[in-house]
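Trainee: Could you walk me through reading strands and cysteines in a model like this one?
Mentor: Sure, let's pull it up.

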Amino acid sequence: MLPTAAQGLKCVYLCQFLRNTYKQIYMVRLDERTGKIFILAGEDIEILISRDGNWEYP
């Protein structure tokens with residue numbers, strides 16, 4: 001399973017935002033079970049990007 005264009009653009013945008021706020025990005029991974037991109041950053045930041053490009057901060 002490959003990420004969608006909407007996911008890719010949102011991932012780049014969010015990673016750039018995190019870097020601009022001096023947060024370390026520890027992991028960016030595509031969950032093949034759900035099709036969502038997972039970003040782990042900073043001390044406790046977890047972001048999920050769905051296939052349509054919407055993201056959530058659970």
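Mentor: One term before we start: a residue counts as buried under 20% relative accessible area and as exposed over 50%. Also keep in mind that this is a predicted model.

Trainee: Okay. Which residues of strand β3 are on the covered face, and which are on the uncovered one?
Mentor: The general idea is that side chains in a regular strand alternate between the two faces of the sheet. Here, β3 spans residues 45–49, with Ile 45, Ile 47 and Ile 49 on the covered face. Glu 46 and Leu 48 make up the uncovered face.

Trainee: How many bridges join β2 to β3?
Mentor: There are 5, and the two strands run antiparallel, with β2 covering residues 36–41. Leu 40 sits opposite Glu 46 of β3. The pair forms a hairpin with 3 residues between the strands, and Gly 42 in the turn has a positive phi of about 60 degrees.

Trainee: And what about β3 and β4?
Mentor: Those pair antiparallel too, over 2 bridges, β4 being residues 55–56. Leu 48 faces Glu 56 across that pairing. This hairpin has 5 residues between its strands, and Gly 53 in the turn shows a positive phi of about 95 degrees.

Trainee: Now the cysteines. Why is Cys 15 not bonded to Cys 11?
Mentor: A disulfide is a covalent bond between the sulfur atoms of two cysteines. The cut-off is within 2.5 Å. The sulfurs of Cys 15 and Cys 11 are 4.1 Å apart, so they are too far for a bond. The structure holds 0 disulfides.

Trainee: Are these two buried or exposed?
Mentor: Cys 11 is buried at 11% relative accessible area, and Cys 15 is buried at 17%.

Technical notes
Residues are numbered from 1 along each chain as its sequence is written. This is a predicted model: local features need pLDDT of at least 70, side-chain atom pairs count only at pLDDT 80 or more; totals for chains, interfaces and linings use all residues. Side-chain values use heavy atoms; hydrogens and water are left out. Buried means under 20% relative accessible area, exposed over 50%, partly exposed in between (1.4 Å probe, protein chains only). Helices (H or I, at least four residues) and strands (E, at least two) are DSSP runs, numbered from the N terminus. Two strands pair if DSSP finds at least two bridges between them.
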